[in-house]
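Colleague: Mind if I pick your brain about this model? I'd like to go through the helices, the strands and the ring pairs one at a time.

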Amino acid sequence: EFDLERERRGLASDLSGCNMVFAGQPGTAKTTVAREFARVLAERGIIPGRENFKECAKSDIVGQYVGHTAKKVDSLFQEIASKGGGVIFFDEIYTLAEKNCTCYDTEAINCITQNMENYRSKVFCIFAGYENKMNEFINANPGLSSRISTTVRFETYDDETLCRIFDSIVKENKFVITGEYKDVVKNFFSRLRTVRGKNFGNGREARNLFENVKRLTACRIFNGKKPTKSMLSSIAAEDISAAAEEMLSAVINSRENEMKAIGF
């Protein structure tokens, strides 16, 4: 708004400060916040509408032959700019700068950097991923690091927060839970965090737990009799306990099989 007001008064302005890095573990709402950021830009009149938000992965911009990548990246920015501007959300794009990267990956980084300059007041870029990997990606091109002014760090959710997220998903889907379940859910997240380690999915784990609880509830209710509306809206604490143990067992068994496969 400050820069827009300067522009209205005939003063020099630069909106390129909207380019950011969102650094954090998976499932910490980076994508959700990026969408909200686009909504705020639209409300302030900086971009035409919140729908001018494009999620982009490596497969969307890396080509298969020389010159193909540049065309894909250029088209991506041109598409957003032709609509009056918007936000491009690059998710886990740090793979472009990893050790096994190809010349096409390097070309993609160079083309992104150039387009950020070409459309600096129209197209705003958000790059998301693990903090250490994002640092490597940004440092892969000096021009890229100079065009990104802000890093927003997304903290890993603690177990209490994940319990609240689980409850919010239950409420959003218009279910009620009968029986005591809070300790079961909290213990589930604590145990799953230990087992998964760096692969822990944060908010996604709350969503996965809910989906599994709903599946077990459905299996219990549909036993040949027509369920009542109340039955269709209720989750039993026993369903949550069963779903939690089932998910933990699956993860533990998967890890054990992986270790056997590599000889441990």
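**Helices, strands and rings**

Modeller: Sure, let's begin with helix H2 (residues 30-43): its 14 residues reach 20 Å from the first C-alpha to the last, close to the 20 Å expected at 1.5 Å a residue. Keep in mind that this is a predicted model.

Colleague: Which side of H2 do its buried residues take, the same side or opposite sides?

Modeller: The buried residues in H2 are Lys 30, Ala 34, Phe 37, Ala 38, Leu 41 and Ala 42. They cover an arc of only 140° around the axis, so they sit on the same side of H2.

Colleague: And which strands do those buried residues of H2 pack against?

Modeller: Contact here means heavy atoms within 4.5 Å. By that cut-off, the buried residues of H2 pack against E1, strand E2 (53-56), E3, E4 and E5.

Colleague: What phi does Gly 45 take, just after H2?

Modeller: Gly 45 follows right after H2, and the sign of its phi is positive. The value is about 80°.

Colleague: Let's move to E4. How many of its residues are buried?

Modeller: Val 123, Cys 125, Phe 127 and Gly 129 point one way from E4, while Phe 124, Ile 126 and Ala 128 point the other way, and all are buried. That makes E4 mostly covered, with a buried count of 7 of its 7 residues.

Colleague: In what sense does E4 pair with E1 and E3?

Modeller: With E1 there are 4 bridges, and Met 20 stands opposite Ile 126 in E4. With E3 there are 6 bridges, and Ile 88 stands opposite Cys 125 in E4. For E1 and E4 the sense is parallel, and for E3 and E4 it is also parallel.

Colleague: Then what is the hand of the β-α-β crossover from E3 to E4, right or left?

Modeller: The chain leaves E3, passes through helix H5 (residues 103-118) and arrives at E4. The hand of this β-α-β crossover is right.

Colleague: On to the rings. How many aromatic pairs are there?

Modeller: A pair of aromatic rings is described by the distance of the centres and the angle of the planes. Rings pair if their centres lie within 6.5 Å. By this rule the count is 8.

Colleague: Why is the pair of Phe 22 and Phe 154 classed the way it is?

Modeller: The ring centres of Phe 22 and Phe 154 are 5.0 Å apart. Planes under 30 degrees apart count as stacked and over 60 as edge-to-face. The planes of Phe 22 and Phe 154 are at 50°, so the pair is tilted.

Colleague: How many residues apart in sequence are the parts that this Phe 22 and Phe 154 pair ties together?

Modeller: Phe 22 is buried at 2% relative accessible area, and Phe 154 counts as buried at 13%. Phe 22 lies in strand E1 (residues 20-24) and Phe 154 in strand E5 (residues 150-154), so the pair ties together parts whose separation in residues is 132.

Colleague: Is the pair of Phe 90 and Phe 127 stacked or edge-to-face?

Modeller: Phe 90 is in strand E3 (residues 86-91) and Phe 127 in strand E4 (residues 123-129), 37 residues apart. Phe 90 counts as buried at 0% relative accessibility, and so does Phe 127 at 0%. Their ring centres are 5.0 Å apart and their planes are at 10°, so the pair is stacked.

Colleague: Which residue joins Phe 90 and Phe 127 in a cluster?

Modeller: Ring pairs do the linking in this cluster. Besides Phe 90 and Phe 127, the cluster includes Phe 137.

Colleague: Now helix H9. Within what arc do its buried residues fall?

Modeller: The buried residues of H9 are Val 185, Phe 188, Phe 189, Leu 192 and Val 195. Seen down the axis they line one face of the helix, because they fall within an arc of 130°.

Colleague: Which residues are exposed on the other side of H9?

Modeller: Exposed means over 50% relative accessible area. On the other side of H9, the exposed residues are Asp 183 and Thr 194.

Colleague: Last one: is Asn 202 buried or exposed?

Modeller: Asn 202 sits in the loop between H9 and helix H10 (203-221). Its phi is positive, about 55°, although Asn 202 is not a glycine. At 0% relative accessibility, Asn 202 counts as buried.

How values were computed. Residues numbered from 1 in each chain as written. Predicted model: local features only at pLDDT ≥ 70, side-chain atom pairs only at ≥ 80, totals over all residues. Heavy atoms only, no water. Phe/Tyr/Trp six-rings, centres within 6.5 Å; stacked < 30°, edge-to-face > 60°. Helix = DSSP H or I, 4+ residues; strand = E, 2+ residues; numbered from the N terminus. Buried < 20%, exposed > 50% of the residue type's maximum accessible area, 1.4 Å probe, protein only. Arc of directions from axis to C-beta. Pairing = 2+ DSSP bridges. Right-handed = clockwise from strand over helix to strand, strands pointing away. Expected span 1.5 Å × (residues − 1).
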